[in-house]
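Thanks for coming. I have one model to go through, and I will keep to the domains, the confidence and one chain contact.

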Amino acid sequence: MVMGIVYALVNVLVFVLLAPFYDGVARRLTARVQSRKGPPLRQPYLDILKLLGKENVISAEGWPFRLAPLSAFASILAVIVLVPLGAKANILSHRADVITVVYLLALGGVSVLLGALASRNTFAMIGASREMMTMIMIEPVLAMTLIMTAVKVNSLGLQGAMAGVSASGFGLSTGLMLAVYLLALQAFVAKQPFDIAEAEIEVLEGPFIEYSGPNYALFKLSMMLKQMFYAFLFVSVFLPAAGTGVYPLDILIQLAAILAVFVLIAVVGSTNPRLRIDQAVRYYAVLIFLSLCAVGLALKGL
Amino acid sequence: MNAVEVARKLKEEFGAAVRATDSPSPDRLFIDVERAVLRPVSNRIAALGGRYIVSIGYDEIARNGTLGLVHTFAFDADHWAAAVRTSAPASDPLFDSITPDIPNAGWSEREYMDLLGMKFVGHPKPKRLILADDWPEGVHPLRKEVPYNLVPPAAEDVAYRLDEAPEGTAVIPIGPFHSSLHEPEHFAVYVDGETIKGCDYRGFMTHRGIEKLCQTQVSYNEVPFVAERICGICGSVHATTYAQAVEAAAGIRISRRAEYIRTVILEIERLHSHLLWLGVAGHLIGFDTVFMQAWRVRERIMWLSERITGNRKTYGMVVIGGVRRDITPEIAKEIEEVLAGVEKETLVLKKSIIGDTSIHRRTKGVGVISKEESVRWSLVGPVARARGIDIDVRRDHPYAAYDDMTFDVPVVTSEDVWGTLVVRVLEIFEAIKILRQALRNMPSDGPLLAEVGEALPPLRHAFSLVEAPRGEAAHYVITGEENRPERWRVRAPSYPNLQAVPLMLLGDQFADFPIILGSIDPCFSCTDRVAVIDARTGRRRVLGRQELENISRRGKG
Amino acid sequence: MWLTSKIKQILMVLKPGVVTLKYPFEPRPVAKDFRGQPAWDHHKCVGCGGCAAHCPARTILVRDICQELRIMIYDGARCAYCGRCADVCPEDAIVMTEQFELATGDRDDITVTMELFMLTCQRCGRCYNMETTNMIDKMELKGFRYDHLEMRAVIPKATERFDAKVLEATERYERPRT
């Protein structure tokens, strides 16, 4: 019981404290690919601190605009507190299943939309419509990943599903899903070529255009947390090596694996132009189809 | 068809309405016509193969009570250019618009409605183009009686009326400040979902009357430095174009060595500009690695420019009569070294992006405009060459030392943004080729500056064309009596190309807007002709943070 | 094709490495003959005003506050660093220095005022500096003296409409007392 609470707290601490670090690593790597030195690794922390200290310009009327950053941050926090970091289920993991996680992630996306629509800015609207399309097309891939593992262990429980692959070993379905997850990774973390909703050149950070100061800091932090979460999900579902049983060691192994995922994200992100939304949607459609196939294969027991 | 034949043909067909023809040099023909036949003569010249360049309006009210108008045309295949001159009394400044037949004349004519108070019969879109929305009606700043520093009181309640949006579309305001525009201009893009259905343009927000300034304030040899600051990228091009126009008008011959040095400077500028554009294009499609790598290669050129001219970008090399600094053998050696490095690195860059399908996806089939439309709209430069139009001023109207150079003009027929990219990348290697030839063949003697007499002959007309990195720049000069040009008309390459952008945008995705606009490498300030000189007095003060904040939030709820 | 391009892009990056300069922390030398902030040598200057007459930005002001005293003011805020002043100076009194870090919040930091003692030629009334040779006649362009009545028409108006404050300052100019 006590340990359950401790595990939950460790979850939050590790994620909130390290998410900016991983962002810093990605920025540093991107810079290296561009022959630049890049900002120091502490830069994302400083960015967030700076934003928190700035004036909070409320440029739109109504509560949705103020609520959006809070609910975006809250929903991603709720997601990370549930997940079994270091393969240890905490006090909350037992009470949630994969559906909860998918819903909470969707809530984060909806919050962004809410804020964008409330700001009534033309570019935010375009960004929101793109974000919405991305959400509709990419959430199924996430859901299918979790459902596939759930099928493997015959339970929707979060802890079981996360360990599904390690329990049943690699099969055809797992291999296919791993490939699909990797192909969708850039879209999950909203990096090139799928940073379409925030495209700074066309829609000037899209949904976030009217946000500033602490509100924007919350959005930024929740984006970083989301990226780290997706990297973590990949690690804990597809790389079940972290099974030493020693809790701190498991966490360290997982964090190292997350770092590797971020290296991949940064390299792919910096060597690709942004896609157009229509091209991206066609790409997502293929991914959804493939992930459905993977679930089908898992049902067949492959 | 050469100049003599065209002159004869026009005289035969239009009789006495063609008052006179004058050919000061074999590659120029000035045709004076009656106002009534302006449109048919222009159409006839266009039908004979003349490519419309630009129109020039000038004020001769003090001299003979008329306003003059010139349409210029280039015959690229036959290496000459024509200017059709006419005039109308200031009390009745009516001309037939040629825009219905030659759409690219639209802006020129609107410009003179604003600046000279001319009227054009049959103009399809006689809206304000250059003057600010609150500029009083009836004050035409390019007329001689209007002082150059006139500042009419500002008005708050006037605004440009955008075109009617097509049914079922939403308006996306791009600009005046937007991250895909690097200068203040306003595009209203009409979109249906993400598909662009139309576009209206309100530009000239940086128009500060550089032509007026140079016609009234500075002297001949100061204009090149002002001209250089028309554009931050192809500044040297404008200085050269202006100097060549004045030299042609006054009959100044510059030394061969000076011509070679001008060639070297222009090609170095082309190198830097093409690499800059390649980077910007990468940035506009969200590919920042191309941006950074292209600019990394470009940086060596910038250091080289600083070494040769004393400045990274505003070279300040060209003056009337020649150039200011020499290219010594040791500098030539340094240029060779940098060229070798740049060539190697650009080749690596080219190889790594030319086959990249992810770039193809964003550029192929985007911003399509057919060859016929491009000819009709008189597009210039890489934008035209990407659409199968084989024109290049360096080859067709050789200036400086280009007649000694052998080089290829890359032409592709893909008619889209990808074609522009290919053309510009290939031109980098052509520029390196030209530079090597120029350095090898440069005559070792000859003065840098030709002797320029005390006074240049007044009221001579001349115009000159120069291939800027992004297309053809054209300057028209009428020499004046007060040691400065009587009239100086600048036409930057973006001026014709920008007019065709709405056509390119039509039917494309909104996400492609930045790269389509970027593909013509628009230089709004060139188009607007900015001066860095701000002669207003007493208005200068430093704004604090609070003031700036207040200004930026004014008008918000 | 896509994959080979990606590999080429990664390889392209490896060779040049990191090119970022530590610029503000490490000085970056400029090229020889760089055109930076112009500097006047008041020992050499004969006060001919050629620089003022050739300045495309009209940022050099010549003003005679009395028969013997000529003030030359250079206002760097509008300077285009073209180096024409250094080119035309008959006495080589102007050099383009290597100084380019000129951003400032105070205009006075980049404004240079120079006070020249002139003598009047008893024959023609024009000014020259007694200590050096009179180079005025070598100047091809006439009209550099602001308050020469005949030349006033050719004097660029921009000089007259200079920064009002600077103009005012020259009108109230007083020699520093020793």
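In chain B, the centres of domain 1 and domain 2, taken over C-alpha atoms, are 26 Å apart. Domain 1 of chain B covers 3-161 and domain 2 covers 210-528, with bounds from an automatic or database domain assignment. This is a predicted model, in which local features need pLDDT of at least 70, side-chain atom pairs count only at pLDDT 80 or more, and totals for chains, interfaces and linings use all residues. Residues are numbered from 1 along each chain as its sequence is written, while chains are lettered from A and ligands numbered from 1 in the order in which they are written.

Back to the two domains of chain B. Each gives 22 residues to their contact, where contact means C-beta atoms, placed from the backbone, within 7 Å. On the domain 1 side, strands S3 (51-60), S4 (66-75) and S5 (80-89) and helix H4 (105-115) of chain B each give two or more residues. Helices (H or I, at least four residues) and strands (E, at least two) are DSSP runs, numbered from the N terminus. S3(B) gives the most to that side, six residues. By class, the domain 1 side has 15 nonpolar, four polar and three charged residues. Nonpolar is Ala, Val, Leu, Ile, Met, Phe, Trp, Tyr, Cys and Pro; charged is Asp, Glu, Lys and Arg; the others, Gly among them, are polar.

Now confidence. The complex has an ipTM of 0.81 and a pTM of 0.83 from the predictor. Chain C has a mean pLDDT (the predictor's confidence in each residue, from 0 to 100) of 70, with 66% of its residues at 70 or more.
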